[in-house]
Amino acid sequence: MPFVVGVAFKPAGRVYSFDPAGLELRRGDTVVTETSRGEEIGHVKHEARDLTDDEVVLPLKRVLRVANPTDRAQVETNKERAEQALQLCKERVIARRLPMKLLRAEYAFDLSQVTIYFSAEGRVDFRDLVKDLASSLRTRIQLHQVGARDAAKLMGGIGPCGRALCCSTWLTNFEPVSMKMAKEQSLFLNPTKFSGVCGKLMCCLRYEYDHYRETKAQMPQLGAEVDTPDGRGRVLDHNVLKETVLVGLQDGFDREYRAGDVYRPLIRGCSVLAGGKCAGGCGETKSGEMPEPEAAGD
């Protein structure tokens, strides 16, 4: 069973497993590790623990050391060089009139490679651009095209909620988001109203979707006839966050009730909690149908 430590190389990046190599590491420590691209510097996200062979990719790379002042100074130098490389790349993109938007440049910790991220509407032939950069920077050049969501993650920003973007602060993976999720949350079906700064449907629709779906399943449907503490009425609206329903009563007034206080009238006058069994114990189901009778014995 491998004994591993979790390290991430970006604030909201994926966490990779490494062999701690006997080092006592704590969450938040800055460490230098060996990777397939050479030495890289990252931060400990998970302290050393035992994992199964299925949970890690073997063989494990090692944590080389806890970052020292020289390593930290190297990181700052790399950032300055990355800005210079990005500026040079912008000049060459303009000169060659390439249809691409540059986002960020990053140097490997040991300066063996510089990666330049960009977005574009379609495929871009940047072979000549790479030659220009290689002759000036004299290191390995990698240009990486990213989609709209990854571009927002790289650049950061403020979302419609007024907070920093989820993708650039804590969200490590992008999951599919569909209009069905917006409809389930009773949002107006106008994508511009619930799109993020990337132009795609907001990621928060995805991780709120399960809560809305599960909570609505425990509520009576819109238009359903229900019994309330104030008499009978029909369900007009749901408030999933408060877990309440708005009921139009027969006396002409609309009142809000907790979902658990509303009952559906069934045959023979029985009532049943929305999503439950008959409160009177007769065995009737939520649909109002009686259970199948048991077969008589011989």
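**Figure 1. The whole chain, as a starting point.** Helices here are DSSP runs of H or I with at least four residues, strands are DSSP runs of E with at least two, and both are numbered from the N terminus. Counted that way, the chain has six helices and 14 strands. Please keep in mind while looking around that this is a predicted model. Of the 298 residues in the chain, 34% are buried. Among contacts between residues at least 6 apart in sequence, 50% join residues at least 24 apart.

**Figure 2. The open sheet of five strands.** Going across this sheet, the strands come in the order 2-1-4-3-5, and their pairing is antiparallel. Strand 2 (15-18) and strand 5 (63-66) are its edges, each pairing on one side only. On average, neighbouring strands in this sheet are turned by 45 degrees against each other, direction ignored. A good pair to look at is strand 1 (residues 3-8) and strand 4 (residues 38-50), which run antiparallel and are joined by five bridges. To find your place in this pair, start from G6, whose bridge partner in strand 4 is H46.

**Figure 3. The open sheet of three strands.** Here the order is 6-7-8, with mixed pairing. The edges are strand 6 and strand 8, each of which pairs on one side only. From one strand to the next, the twist averages 20 degrees. Helix 2 packs on this sheet and touches strand 6, strand 7 and strand 8, with its direction at about 140 degrees to that of strand 8. Helix 1 lies across strand 6 and strand 7 and runs at about 145 degrees to strand 6.

**Figure 4. Strand 7 and its two partners.** How do the neighbours of strand 7 run, parallel or antiparallel to it? Strand 6 (residues 101-107) runs antiparallel to strand 7, and six bridges join the two. Strand 8 (residues 140-145) runs parallel to strand 7, again with six bridges between them. As a general reminder, strands of a sheet pair through backbone hydrogen bonds, either parallel or antiparallel. T115 is a handy landmark in strand 7: E106 stands opposite T115, and T115 in turn stands opposite Q142 in strand 8.

**Figure 5. The two faces of strand 7.** In a regular strand, side chains alternate between the two faces of the sheet. Is strand 7 (residues 113-119) mostly covered or mostly open? Strand 7 is mostly covered, with seven of its seven residues buried. On one side sit Q113, T115, Y117 and S119, and on the other V114, I116 and F118; both faces are covered.

**Figure 6. Where helix 1 meets helix 2.** Helix 1 (residues 69-96) packs against helix 2 (residues 127-137) at an angle of about 140 degrees, and their axes are 10 Å apart. That angle makes helix 1 oblique to helix 2, because 140 degrees falls outside the ranges for roughly perpendicular (65 to 115) and roughly antiparallel (over 145). The crossing of helix 1 with helix 2 is right-handed. Which residues make the contact? Helix 1 brings A85, L88, C89, R92, V93 and R96, while helix 2 brings D128, L129, D132, L133, S136 and L137. By type, the residues of this contact are seven nonpolar, one polar and four charged.

**Figure 7. L111, in the turn from strand 6 to strand 7.** This view shows a loop residue with a backbone angle worth a second look. L111 lies in the loop between strand 6 and strand 7. The hairpin of these two strands has five residues between the strands, and in it L111 takes a positive phi near 65 degrees. L111 has this positive phi although it is not a glycine. Its relative accessible area is 24%, so L111 counts as partly exposed; the cut-off for buried is under 20%.

**Figure 8. R138, on the way from helix 2 to strand 8.** This last view turns to another loop. Where is R138 found? R138 belongs to the loop between helix 2 and strand 8. Its phi is positive, about 55 degrees, although R138 is not a glycine. Is R138 buried or exposed? With a relative accessible area of 72%, R138 is exposed, because exposed means over 50%.

Definitions and conventions: Residues are numbered from 1 along each chain as its sequence is written. This is a predicted model: local features need pLDDT of at least 70, side-chain atom pairs count only at pLDDT 80 or more; totals for chains, interfaces and linings use all residues. Side-chain values use heavy atoms; hydrogens and water are left out. Axes are lines fitted to C-alpha atoms, for helices over the stretch in contact, and angles run from 0 to 180 degrees between N-to-C directions. Angles under 35 degrees count as roughly parallel, over 145 as roughly antiparallel, 65 to 115 as roughly perpendicular and the rest as oblique. A crossing is left-handed if the near helix is turned anticlockwise from the far one by less than a right angle, and right-handed if clockwise. Contact means heavy atoms within 4.5 Å. Ala, Val, Leu, Ile, Met, Phe, Trp, Tyr, Cys and Pro count as nonpolar, Asp, Glu, Lys and Arg as charged, and the others, Gly among them, as polar. Buried means under 20% relative accessible area, exposed over 50%, partly exposed in between (1.4 Å probe, protein chains only). Two strands pair if DSSP finds at least two bridges between them.
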